[in-house]
Amino acid sequence: QVQLVESGGGLVQAGGSLRLSCAASGSTFSINTIGWYRQAPGKQRELVANIRSGGSMNYADSVQGRFTISMDNAKNTVHLQMNNLKPEDTAVYYCHGILQITTRSYSYWGQGTQVTVSS
């Protein structure tokens, strides 16, 4: 059984920084794509950033230039460095991974971590 365990959320003032981490563990797997979604109250869950196994990265327009996603392949851990945070970044952030186990791919979600940015 694969698990995605997130850490690093919290409360920060506008303009501040936070770093989220998500560690994948469990069965033998390879990571196809892993990244972060967020969901603010009353809004749909949206992609923040993800990274593919080949290293290509994708960012939402709203975080481009402020957030950086990176991957520690040795630890199966993805990080999201969030700088110049804004109140509108307040949301529950979810790690999401598409992992390959043997010949099949599976979608996994973390439990979510709260990020609150005060003005």
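Is threonine 102 buried or exposed? Keep that one in mind; the first exercise settles it. The model you're looking at is a predicted one.

**Exercise 1. Work out how threonine 102 sits in the model, and what its backbone does.**

Step 1: Find the spot. Threonine 102 belongs to the loop between β9 and β10.

Step 2: Check the surface. The relative accessible area of threonine 102 is 66%, and the cut-off for exposed is over 50%, so this residue is exposed.

Step 3: Look at the backbone. Phi of threonine 102 is positive, about 55°, although the residue is not a glycine. That deserves a note because most residues other than glycine have a negative phi.

**Exercise 2. Do the same for asparagine 76: where does it lie, and what is its phi?**

Step 1: Asparagine 76 is in the loop between β7 and β8.

Step 2: Its phi is near 50°, again a positive value in a residue other than glycine.

Step 3: Asparagine 76 has 25% relative accessibility, so it counts as partly exposed.

**Exercise 3. Describe the largest nonpolar core: how many residues does it have, and which elements feed it?**

Step 1: Count the members. The largest nonpolar core has 32 residues.

Step 2: Pick out the best-connected ones. Trp36, Leu80, Met82 and Tyr93 have the most contacts inside this core.

Step 3: Trace the elements. Two or more core residues come from each of β3 (18–25), β4 (30–39), β5 (46–52), β7 (67–72), β8 (77–82), β9 (91–101) and β11 (113–118).

Step 4: Name the top contributor. That's β9, which gives five residues to the core.

For background, nonpolar side chains in soluble globular proteins tend to be buried together.

**Exercise 4. Find the aromatic pairs and say how the rings are arranged.**

Step 1: Count them. There are two aromatic pairs.

Step 2: Take one of them. Tyrosine 37 and tryptophan 109 have ring centres 5.1 Å apart, with 65° between the planes, and they form an edge-to-face pair.

Step 3: Place it in the chain. Tyrosine 37 lies in strand β4 and tryptophan 109 in strand β10 (residues 104–109), so this pair ties together parts that are 72 residues apart in sequence.

Step 4: Turn to tyrosine 94 and tryptophan 109. Their ring centres are 6.4 Å apart and the planes stand at 85°; the cut-off for edge-to-face is over 60 degrees, so this pair is edge-to-face.

Step 5: Place that one too. Tyrosine 94 is in strand β9 and tryptophan 109 in strand β10, so the parts tied together are 15 residues apart in sequence.

Step 6: Put the pairs together. Tyr37, Tyr94 and Trp109 are linked into a cluster by ring pairs.

**Exercise 5. For each ring residue in that cluster, decide how much surface it shows, then find the charge over the rings.**

Step 1: Tyrosine 37 has 24% relative accessibility, so it counts as partly exposed.

Step 2: Tryptophan 109, at 39%, counts as partly exposed.

Step 3: Tyrosine 94 has 16% relative accessibility; buried means under 20%, so tyrosine 94 counts as buried.

Step 4: Add the charge. Arginine 45 lies over the face of tyrosine 94, at 3.8 Å from the ring centre. Arginine 45 also lies over the face of tryptophan 109, with 4.6 Å to that ring centre.

**Exercise 6. Describe the largest pocket: what is its volume, and which residues line it?**

Step 1: The volume of the largest pocket is about 180 Å³.

Step 2: Its lining is made of 13 residues, and Arg38, Ala40, Lys43, Glu46 and Glu88 lie nearest its centre.

Step 3: Sort the lining by class. It has three nonpolar, three polar and seven charged residues.

**Exercise 7. Compare sequence separation with C-alpha separation for leucine 11 and for glutamine 100.**

Step 1: Leucine 11 is in strand β2 (residues 10–13). With a relative accessible area of 64%, leucine 11 is exposed.

Step 2: Leucine 11 and valine 117 are 106 residues apart along the chain, and their C-alpha atoms are separated by 5.9 Å.

Step 3: Glutamine 100 lies in strand β9. This residue is partly exposed, with a relative accessible area of 28%.

Step 4: Between glutamine 100 and asparagine 32 there are 6.6 Å from C-alpha to C-alpha, while the two are 68 residues apart along the chain.

How values were computed. Residues numbered from 1 in each chain as written. Predicted model: local features only at pLDDT ≥ 70, side-chain atom pairs only at ≥ 80, totals over all residues. Heavy atoms only, no water. Core = buried A, V, L, I, M, F, W, Y, C linked by side-chain atoms within 4.5 Å. Buried < 20%, exposed > 50% of the residue type's maximum accessible area, 1.4 Å probe, protein only. Helix = DSSP H or I, 4+ residues; strand = E, 2+ residues; numbered from the N terminus. 1 Å grid on protein atoms, 1.4 Å probe; cavity = no way out; pocket = protein on both sides within 12 Å on 5 of 7 lines; lining within 4 Å. Points joined across faces, edges and corners; volume = space filled by probe spheres on them. Nonpolar A, V, L, I, M, F, W, Y, C, P; charged D, E, K, R; others polar. Phe/Tyr/Trp six-rings, centres within 6.5 Å; stacked < 30°, edge-to-face > 60°. Lys NZ or Arg CZ within 6 Å of the ring centre and 35° of its normal.
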